[in-house]
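Please work through the following exercises with the sequence and the model open side by side. Each task is followed by a solution that proceeds in steps.

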Amino acid sequence: MTLGDERVDAFSEAERTTTHDDEILATSLTSDEGAMIRARFRMALSEGIWVTEVSTSFPDATLRLLTGVPKGDRALELGEVRAEDPEAVTDAIRTHPDISGYDQLYVDDQRAIGQYEADEKGLYEFLWASSLPPEFPIVVENGAMEFDLTATREQFEAFGAALDDTGRQYELLTLVHTDEQESLLTDRQRKYLTVAHRRGYFDVPRECTLAELADTLGVDKSSASETIRRGAGRIIGQFIVSHD
């Protein structure tokens, strides 16, 4: 994952926007103020923190922060590693001087989960500064993280101010009003896609099969497949239209 050299200021005023991301945001923020905003960001991580050092040492690995809570001047975190050799990555985490009390909860040939304490909270402390709870999982690859945010317009603007204060490079990957999302999908499509996402059906490699997903939903495979394909098709179509 590589960030562009040019910083995308996603929170600039409409009259001084120069990128497509900014145009989307400016249009969105002039619409219904009561709508919730859902956005996805990619952000360069600060140097000198353990997750930056580990992720750049293993650029093909994916580190997923499943949950994290403050514990004094430390953070108690539950993290997942997905890699060709997950134990090599977890060994690097366990032996890092900023990590203590690493407890490996699960490991196989491609995935490992562990609980640990970290000396720094810089991975997501800017979210707390903006009075928004972190939305997990936070995904880290090769020195950059991606995360989702759901907020009102006022909260989103406050988040933008807090983010600008950090001076970090970031990209606004997607931005959707929930009222647009609600009209885009039927209730059934939204339910099936939500379950599929949470079960890891869209992950690479998949964490559940179509048969397992259909069993969870209580339907046959053909019904699950058709509903998911129709819902995904609407989302992809909307994405292509909005970017055209």
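**Exercise 1. Surface and overall make-up**

Task: State what area the chain exposes and what share of it carbon and sulfur atoms supply, and then describe the make-up of the chain in helices and strands.

Solution: In this predicted model, the chain exposes about 12900 Å², of which 48% is supplied by carbon and sulfur atoms. Turning from the surface to the interior, 43% of the 244 residues count as buried. The secondary structure consists of nine helices and eight strands. As for the contacts, if one takes those between residues at least 6 apart in sequence, 65% of them join residues at least 24 apart.

**Exercise 2. The pairings of β2**

Task: Determine which strands pair with β2, and in which sense, using Arg-64 as a point of reference.

Solution: Begin with β3, which runs antiparallel to β2 and is joined to it by nine bridges. The two strands form a hairpin with two residues between them, and Gly-72 in the turn has a positive phi of about 65°. Next take β6, which pairs with β2 in the antiparallel sense over three bridges. Arg-64 illustrates both pairings: its bridge partner in β3 is Glu-80, while in β6 it stands opposite Val-139.

**Exercise 3. From β6 to β7 and on to β1**

Task: Follow the strand pairings from β6 through β7 to β1, and decide whether β7 is enclosed or open.

Solution: The first step is the link between β6 and β7, which run antiparallel and are joined by three bridges; within this pairing, the partner of Glu-141 in β7 is Ala-144. These strands also form a hairpin with two residues between them. Asn-142 lies in the loop between β6 and β7 (144-151), and its phi is near 50°, a positive value in a residue other than glycine. With a relative accessible area of 27%, Asn-142 is partly exposed.

The second step is the pairing of β7 with strand β1 (residues 37-44), which is antiparallel and extends over eight bridges; here Ala-39 stands opposite Leu-149. The last step concerns burial: seven of the eight residues of β7 are buried, so this strand is largely enclosed by the rest of the structure.

**Exercise 4. Two helices and their buried residues**

Task: List the buried residues of α2 and of α5, and compare the span of α5 with the expected value.

Solution: In helix α2 (residues 50-57), the buried residues are Trp-50, Val-51, Thr-52, Val-54 and Ser-55. The elements that cover them include the strands β2 (62-71), β3 (74-82), β4 (99-107), β5 (111-118) and β6 (138-141), together with the helix α3 (86-94).

Helix α5 (residues 153-166) has 14 residues and reaches 20 Å from its first C-alpha to its last, which is close to the 20 Å expected at 1.5 Å a residue. Its buried residues are Phe-156, Phe-159, Gly-160, Ala-162 and Leu-163. Just after this helix, Gly-167 takes a positive phi of about 70°.

**Exercise 5. Cis peptide bonds**

Task: Locate the cis peptide bonds that precede Pro-137 and Pro-205.

Solution: One cis bond joins Phe-136 and Pro-137, with omega about 0°, and Pro-137 belongs to the loop between α4 (125-129) and β6. Another cis bond runs from Val-204 to Pro-205, where omega is near 0°; Pro-205 is placed in the loop between α7 (187-199) and α8 (210-217).

**Exercise 6. Aromatic rings**

Task: Count the aromatic pairs, and classify the pair of Tyr-201 and Phe-202 as stacked, tilted or edge-to-face.

Solution: When rings are paired if their centres lie within 6.5 Å, the count comes to eight aromatic pairs. For Tyr-201 and Phe-202, the ring centres are 5.5 Å apart and the planes stand at 75°, so the pair is edge-to-face, given that the cut-off for this class is over 60 degrees.

The accessibility of each partner can then be added: Tyr-201 is buried, with a relative accessible area of 9%, whereas Phe-202 is partly exposed at 40%. Arg-206 lies over the face of Tyr-201, at 3.9 Å from the ring centre. Elsewhere, Phe-41, Phe-147, Phe-156, Phe-159 and Tyr-170 form one aromatic cluster, and of these Phe-156 and Phe-159 are among the buried residues of α5.

Terms used: Residues numbered from 1 in each chain as written. Predicted model: local features only at pLDDT ≥ 70, side-chain atom pairs only at ≥ 80, totals over all residues. Heavy atoms only, no water. Buried < 20%, exposed > 50% of the residue type's maximum accessible area, 1.4 Å probe, protein only. Helix = DSSP H or I, 4+ residues; strand = E, 2+ residues; numbered from the N terminus. Contact = heavy atoms within 4.5 Å. Phe/Tyr/Trp six-rings, centres within 6.5 Å; stacked < 30°, edge-to-face > 60°. Lys NZ or Arg CZ within 6 Å of the ring centre and 35° of its normal. Pairing = 2+ DSSP bridges. Areas by Shrake-Rupley, 256 points an atom, 1.4 Å probe, with all protein chains shown as cover. Expected span 1.5 Å × (residues − 1).
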